[in-house]
Amino acid sequence: MSRDVMIDLQQVSKFYRGQKAPVVENMSMTIHRGEIVVLVGPSGCGKTTTMKMINRLIEPSSGRILIDGTDVTALDGNDLRRQIGYVIQQVGLFPHMSVATNVGLVPKMLGWDRKRIEARVDELLHLVGLEPATYRNRLPRQLSGGQQQRVGVARALAADPPVMLMDEPFGATDPMTRDRLQNEFLRLQDQLRKTIVFVTHDFDEAIKMGTRIAVLGERSRIRQFDTPEVLLAHPADSTVAQFIGGGAQLKQLDLRRVDAIQWDDVPLIRVDKAATGTRRHPDGADGSAALTVDDDNRPLGWISAHDRAIRQGAPEGASQAVTTVEPQATLRDALDAMLASRHGTAVVVDEQGRYAGAVTLDGLMRVIHPTREQDRLDSAVPGQTTGGARSALTPEKR
Ligand SMILES: Nc1ncnc2c1ncn2[C@@H]1O[C@H](COP(=O)(O)OP(=O)(O)OP(=O)(O)O)[C@@H](O)[C@H]1O
């Protein structure tokens with residue numbers, strides 16, 4: 001097997017007892033190390049069954065499944081499952097156990113000593129954005145849905161498994177939380193490079209999360225297995241096209257992340273609260289609206305040119321809400337943020353919430369009409385940004 005292949009399903013079938021037809025029939029699929037493969041398809045087509053056969057929560061009736069070259073049927077099921085992270089929609093946290101005990105379960109089963117488990121639990125909670133001192137001793141019911149989901153992800157990562165199975169992991173959360181969890185998870189994955197099989201009903205989620213997407217039909221028959229880009233541009237048949245649904249052009253915005261395009265700069269006004277009263281430092285502010293930021297460069301609000309002229313002493317007093325996106329967000333997220341902003345601008349902030357640049361409608365148009373942009377770039381110096389924010393012509397996807 002090539003070293004690059006991490007999971008190899010070979011002619012896998014599953015018959016449930018008493019049923020004449022298999023629910024998964026001769027499914028073959030190769031998944032590469034470090035990619036997120038998303039399984040989508042109609043309800044009941046066998047996505048979950050396929051996934052659960054990989055960690056043998058469901059035994060295949062026939063066929064072979066290799067993980068990193070080893071046939072999983074040759075391994076003890078419990079040992080196997082300790083090496084594969086598993087995240088499900090209902091999270092499955094033990095309600096009577098603290099967050100720390102839940103996250104440390106697999107390391108404990110693996111016989112790690114107490115100190116090592118504690119250190120790992122804190123490291124993981126930190127990684128998923130939950131301050132250990134605050135959350136370590138809480139019970140699951142003392143957490144929000146999104147926080148529980150983060151604990152579920154931390155628990156799945158506890159023993160640093162190379163493979164993760166995620167069955168609608170963000171399905172039970174509201175759209176905003178879901179979006180945040182997706183972005184956080186993509187940021188994590190940039191560091192961790194796990195091999196992930198991800199089941200979802202939500203095609204937009206598939207486009208956002210997937211390195212490749214497998215559109216499945218009845219009995220897990222693969223109708224198309226391609227990158228999101230190819231899938232959107234060239235659906236294999238009318239059933240796939242129907243599944244993708246309308247608005248394929250707009251969905252292309254789901255394919256690109258904010259960190260893959262050029263950002264613009266906006267005029268900044270630094271509000272120095274440490275000084276006596278409030279001073280302001282216009283950083284090249286011109287006649288347009290400016291963004292006020294604190295001394296750490298965190299956005300505070302927008303101030304219009306008019307207000308700036310009449311409120312010399314207290315620019316933050318006139319501020320209008322800022323809508324922000326992180327670099328991992330999609331351009332669709334940026335568009336949503338823009339539409340929610342009176343200034344038609346999505347402010348890009350780093351992990352610490354500090355100003356990093358801005359995505360403007362002009363910037364988005366340059367992406368939507370790449371030919372026009374290409375003409376412009378052809379006559380420009382390579383690597384230059386339009387607003388001097390930074391050069392960000394990085395690859396579009398992981
Ligand atoms: N234990 C079982 N015994 C018999 N049939 C089962 C069992 N589990 C699942 N099935 C059937 O197998 C088929 C595939 O189920 P599976 O849960 O894999 O589908 P799915 O694509 O994940 O569905 P959904 O999108 O609705 O979650 C379904 O028709 C289901 O009724």
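This talk walks through a predicted model of one protein chain with a bound ligand.

Good morning. I shall begin with the confidence of the prediction. The complex carries an ipTM of 0.95 and a pTM of 0.69 from the predictor. For the protein chain, the mean pLDDT is 81, and 82% of the residues reach 70 or more. Within that chain, the highest confidence falls on strand S2, residues 24-32, at a mean of 96. The lowest falls on strand S12, residues 279-283, at a mean of 44.

Two stretches call for caution. Residues 371-376 stay under 50 in pLDDT, and the model gives them one contact beyond four places in sequence. Residues 381-398 are also below 50, yet that stretch has 33 contacts in the model beyond near neighbours in sequence. Where pLDDT is low, the predicted coordinates should not be read in detail.

Turning to the overall architecture, the secondary structure of the protein chain comprises 16 helices and 17 strands. Of its 398 residues, 36% are buried. Among contacts in the chain with a separation of 6 or more, 62% join residues 24 or more positions apart.

Next, the ligand. Which residues surround it? There is a run in sequence, Ser43, Gly44, Cys45, Gly46, Lys47, Thr48 and Thr49, and to these are added Tyr16, Val23 and His201. By character, this shell consists of three nonpolar residues, six polar and one charged.

Let me move to the interior. The largest nonpolar core contains 65 residues, and those with the most contacts inside it are Val38, Val103, Ala154, Val197 and Phe198. What does Val38 touch, once its neighbours within four places in sequence are left aside? Its partners are Phe198, Thr200, Ala206, Met209, Gly210 and Ile213. There is also a second, separate core of 26 residues, with Trp302, Val322, Met338 and Ala358 among its members.

Ala154, one of the core residues just named, brings us to helix H7, where it is among the buried residues. This helix covers residues 145-157, 13 in number, and its first and last C-alpha atoms are 19 Å apart, close to the 18 Å expected at 1.5 Å a residue. Why may H7 be described as largely enclosed by the rest of the structure? Because ten of its 13 residues are buried. They include polar and charged side chains such as Gln148, Gln149, Arg150 and Arg155. The buried residues of H7 pack against strands S6 (84-88) and S7 (163-167), and against helices H3 (99-103), H4 (105-109), H5 (114-127) and H8 (175-192).

Helix H8 itself has 18 residues and reaches 25 Å from first C-alpha to last, close to the 26 Å expected at 1.5 Å a residue. Its buried residues are Asp179, Leu181, Gln182, Asn183, Glu184 and Phe185. They pack against H7, helix H9 (203-209) and H14.

A brief remark on backbone geometry. Most residues other than glycine have a negative phi. Arg193, which follows H8, has a positive phi near 55°. On the other side of H8, in the loop between S7 and H8, Glu168 has a positive phi of about 45°. Glu168 is partly exposed, with 18 other C-beta atoms within 10 Å. Arg56 also has a positive phi, near 60°, and lies in the loop between helix H1 (47-54) and strand S4 (62-67). Arg56 is partly exposed, with 18 other C-beta atoms within 10 Å.

Finally, I should like to set two residues side by side. Is Met51, in helix H1, buried or exposed? Met51 is buried, since 21 other C-beta atoms lie within 10 Å and the cut-off for burial is 20 or more. Apart from neighbours within four places in sequence, Met51 contacts Leu39, Leu165, Asp167, Val197 and Val199. Of these, Asp167 is 116 residues away along the chain, with 8.0 Å between the two C-alpha atoms.

Ala340, by contrast, is exposed, because it has 11 other C-beta atoms within 10 Å, and the limit for exposure is 12 or fewer. Ala340 sits in the loop between helix H14 (331-339) and strand S16 (345-349). From Thr323, Ala340 is 17 residues away in sequence and 7.0 Å away in space, C-alpha to C-alpha.

Thank you for your attention.

Key
Residues are numbered from 1 along each chain as its sequence is written. This is a predicted model: local features need pLDDT of at least 70, side-chain atom pairs count only at pLDDT 80 or more; totals for chains, interfaces and linings use all residues. A residue is near a molecule or strand if its C-beta atom, placed from the backbone, lies within 6 Å of it. A nonpolar core is a set of buried Ala, Val, Leu, Ile, Met, Phe, Trp, Tyr and Cys residues joined through C-beta atoms within 7 Å. Two residues are in contact if their C-beta atoms, placed from the backbone, lie within 7 Å. pLDDT is the predictor's confidence in each residue, from 0 to 100. Helices (H or I, at least four residues) and strands (E, at least two) are DSSP runs, numbered from the N terminus. The expected span of a helix is 1.5 Å times one less than its number of residues.
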